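Reader: I am new to protein structures and would like some help. Could you walk me through a few features, one at a time?

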Amino acid sequence: MLVPIFTLKLNHKINPRMVAVGTFDGVHPCLTAATQAGKVFIHNPHVRGQRAAAHRLSHSSQDSDVCLLNINQSVTCLTAGQLGPSTVGDTLVVGSQTNLLAYDVHDNADVFYKEVADGANAVVLGTLGDIPAPLAIIGGNCALQGFDYEGNDHLWTVTGDNVRSLVLCDFTGDGKNELLVGSEDFDIRVFKEDELVSEMTENETITSLCHMHGSRFGYALANGTVGVYDRSSRYWRIKSKNHAMSIHAFDLNADGVVELITGWSNGKIDARSDRTGEVIFKDNLLSSVAGVVEGDYRLDGQQQLICTSVDGEVRGYLPASKDLRGNLMDSTAEQDLIRDLSQRKRSLLMELRNYEDNSKCVSDSDGMGFIPANTQLQTALAVRPATLVQKAHVELSISTPNETIIRAVLIFAEGIFEGESHVVHPSAQNLSGCVKVPIIPPKDIPVDLHIKAFVGGKSSTQFHVFEITRQLPRFSMYDFTAEATAAPPSGWVTFSINDRPQRVVMWLNQNFLLPEGVDSTEVTFSSLRGRGLLSISMASSGQVTLRTDDIDLAGDLVQSLASFLAVDDLSAEADFPGYFEELRTTLVEVDEFHSVHQKLNAAMADHSNHIRNLLVQAEDARLMDDIRSMKKRYRELYHLNRDLINEYKIRSNNHNALLACLKAVNQAIQRAGRLRGTFQLGSEPRRSNSAEAQLLVTPQWESRVPCFTFNLWVGTAAVTNPNPN
């Protein structure tokens, strides 16, 4: 068995997912982590007794090997790596909700200190695409930013929601790194610099990403799911009742291929094969895992896997030795084979005994101890609008073609049922050969329904298990309407394709639940989620028009149809009056919040000057033994301090409201990109005292993302900037 080669106990609480190893002097690796007290500790056992300068860095009073970096605000992300082109060691990068600090630990000096309006929820260091300099890339409130060693902004783009995880890897196999972004809207997006090249949708927030090798990467979700992708294809996934706190790629069994190392909230550490997900090693810490990293911490020329807990426990593991290579569990290949054969023998004996017991229980009345040979499991999907007793849903009907009955049904589906599985047990009075299950998918994504049904005779005590997989179409929550009674949607997107109408009909049948005999390219649906009507039509000239008031649905439809038809170039025009009016209102609010912010800053500056004057006057009065005047000045300071606290609350509320508005603007840019065309908010650009915007999207399907020009007019100044902040 693999055992730790070293164990440490540090007297500091560690924040989860904020652990790194950095070689700050170019020689000695240091374990670095964020503490719950708004500080970053740097553990360096190799250079003892070295005193730090009096800038940000100070020695810990609890541990002589630990230095503390004072951040003075809550740390949200942390990493270490090569940032400068000519620096000796690694650079430490620390992010908060308002700032990003790049720090040279060896020289005890700031490299740069930048204000980041969108916050820093995740950070990664490395090269991206054709950008020559290494970047510190941060993800925040729907935005991505990349800074070089001098603090210059080389990258800015938007993403669909708040960023939770980042990783760099060669996703496309062109020898250059792409940026993988995991966000709170359940999507993993791949960016080639600022161009979106791929998207993968999961069923929960993506909390962690790690590069394994080539185009393969691991991921972890907030619901306890861990898995591996190779490009857009998922190799495997497992789900645990615990939460994955950290994932890392490391060749622990020394077979030449890295494994996915996962640290869990219950303290468990396991290593899984990147191909199958099979556990090849496991261990347990005394508390929740905070981070899993690697480094040559013993300076013996070998990389160690380093696991840390939130309570400061640290364990280091070396890769397996020659006699354990490829086999870290306490067994041999022969023992595994014998165990598998024994398990198979028990299963077959149990199945035989079940058949024998079932044949003894056959009654003369029904004569069905064994199910007929022609018994099959049949499934059907149908859209059911809302009624007085039931919500709108998709009905899954499971039936058999003879007199057999279905005793129970187990359905496994990602992101639909709580816990991802659903069991139906019909009562004894309602046993029949047909079971109907209501399904309400929360999002428009295709889902595989893995169905297991227990089928047998009416008097059977043993049942045959049928397994079948049925795919739920992507747009299944839309009911076909022959005659629309409601008002038609005001929003639309139109584009031309060079394809036959029959291909569009095929796409409709694959992605919607259409009635039998519908083969027209002009169809109308009503949304079961209450989003109004959706109409799709195709003219003889090849022009496709989608009418809906939901801009997100329009983007999903354009993406789905273009992918199905393998369209390389698409020019689209769109208009969504309702959404544009909301966006215009949001931009006006952004202008107002900026004005309030400037006024509050001016008021705070005045108060600061007043405070300095009062302090000087109070100190003068004390030196002159004028106690009465001193008390008066301190009373004024007390009241002024109370006013400042109230103003801070106002500033905080204004700042949060401004962030919410900027998030809406960033999401508008993202939604524009999914339409793959041009749309314009408002009429001709003009200067005014209110904020207006014009969004122009240039068709660029080959790079899978449009180019944006965002013009924001505020007051009398015209600003052209890709950053709406």
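**Reading contacts, strands and salt bridges**

Author: Let's start with one residue. Leaving aside neighbours within four places in sequence, Gln73 is in contact with Gly38, Ser96, Thr98, Asn99 and Tyr113. Keep in mind that this is a predicted model.

Reader: Where is Gln73 found?

Author: Gln73 sits in the loop between β6 (66-70) and β7.

Reader: Is Gln73 buried, exposed or partly exposed?

Author: To read this, use the cut-offs: buried means under 20% relative accessible area and exposed means over 50%, with partly exposed in between. Gln73 has a relative accessible area of 24%, so it is partly exposed.

Reader: Which side chains make polar contacts with the side chain of Gln73?

Author: One polar contact, of 3.1 Å, is with the side chain of Thr98. The side chain of Tyr113 is joined to that of Gln73 by a polar contact of 3.3 Å. You can also look at the backbone: the C-alpha atoms of Gln73 and Gln97 are separated by 8.7 Å, and these residues are 24 apart along the chain.

Reader: Now for sheets. What is the order of the strands in the open sheet of four strands?

Author: The order is β7-β8-β9-β10, and the pairing is antiparallel. At the edges stand β7 (77-81) and β10 (109-115), each with a single partner strand, so one side of each has no neighbour in the sheet. On average, neighbouring strands of this sheet are turned by 15 degrees against each other, direction ignored.

Reader: How many bridges join β8 to β9?

Author: Four bridges join them, with β8 covering residues 91-95 and β9 covering residues 99-104. To find a matching position, look at Val93, which stands opposite Ala102 in β9.

Reader: Let's turn to salt bridges. How many salt bridges does the count come to?

Author: The rule looks for a side-chain nitrogen of Lys or Arg within 4 Å of a carboxyl oxygen of Asp or Glu. By this rule the count comes to 28 salt bridges. One of them is formed by Asp311 and Lys13, whose closest N and O atoms are 2.9 Å apart.

Reader: Which parts does the pair of Asp311 and Lys13 tie together?

Author: Asp311 lies in the loop between β28 (304-309) and β29 (313-317), while Lys13 lies in the loop between β1 (6-9) and β2 (14-23), so the pair ties together parts that are 298 residues apart in sequence. Asp311 is partly exposed, at 30% relative accessible area, and Lys13 is partly exposed too, at 43%.

Reader: What about Arg234 and Glu202?

Author: Their side chains meet in a salt bridge of 3.0 Å, N to O. Arg234 belongs to strand β22 (residues 233-239) and Glu202 to the loop between β18 (195-201) and β19 (206-213), so this pair ties together parts 32 residues apart in sequence. Here Arg234 is partly exposed at 31%, whereas Glu202 is buried at 2%.

Reader: Which residue forms a salt bridge with Arg237?

Author: That residue is Glu414, with the closest N and O atoms 3.9 Å apart. Arg237 lies in strand β22 and Glu414 in the loop between β32 (405-412) and β33 (421-424), so parts 177 residues apart in sequence are tied together. Arg237 is buried, at 19%, while Glu414 counts as partly exposed, at 21%.

Reader: Which residues are linked in a network of salt bridges?

Author: Look for Asp185, Asp187, Arg189 and Glu199, which are linked in such a network.

How values were computed
Residues numbered from 1 in each chain as written. Predicted model: local features only at pLDDT ≥ 70, side-chain atom pairs only at ≥ 80, totals over all residues. Heavy atoms only, no water. Pairing = 2+ DSSP bridges. Helix = DSSP H or I, 4+ residues; strand = E, 2+ residues; numbered from the N terminus. Axes fitted to C-alpha atoms, helices over the stretch in contact; angles between N-to-C directions. Buried < 20%, exposed > 50% of the residue type's maximum accessible area, 1.4 Å probe, protein only. Contact = heavy atoms within 4.5 Å. Polar contact = N/O pair within 3.5 Å; in protein donor to acceptor, adjacent residues only side chain to side chain.
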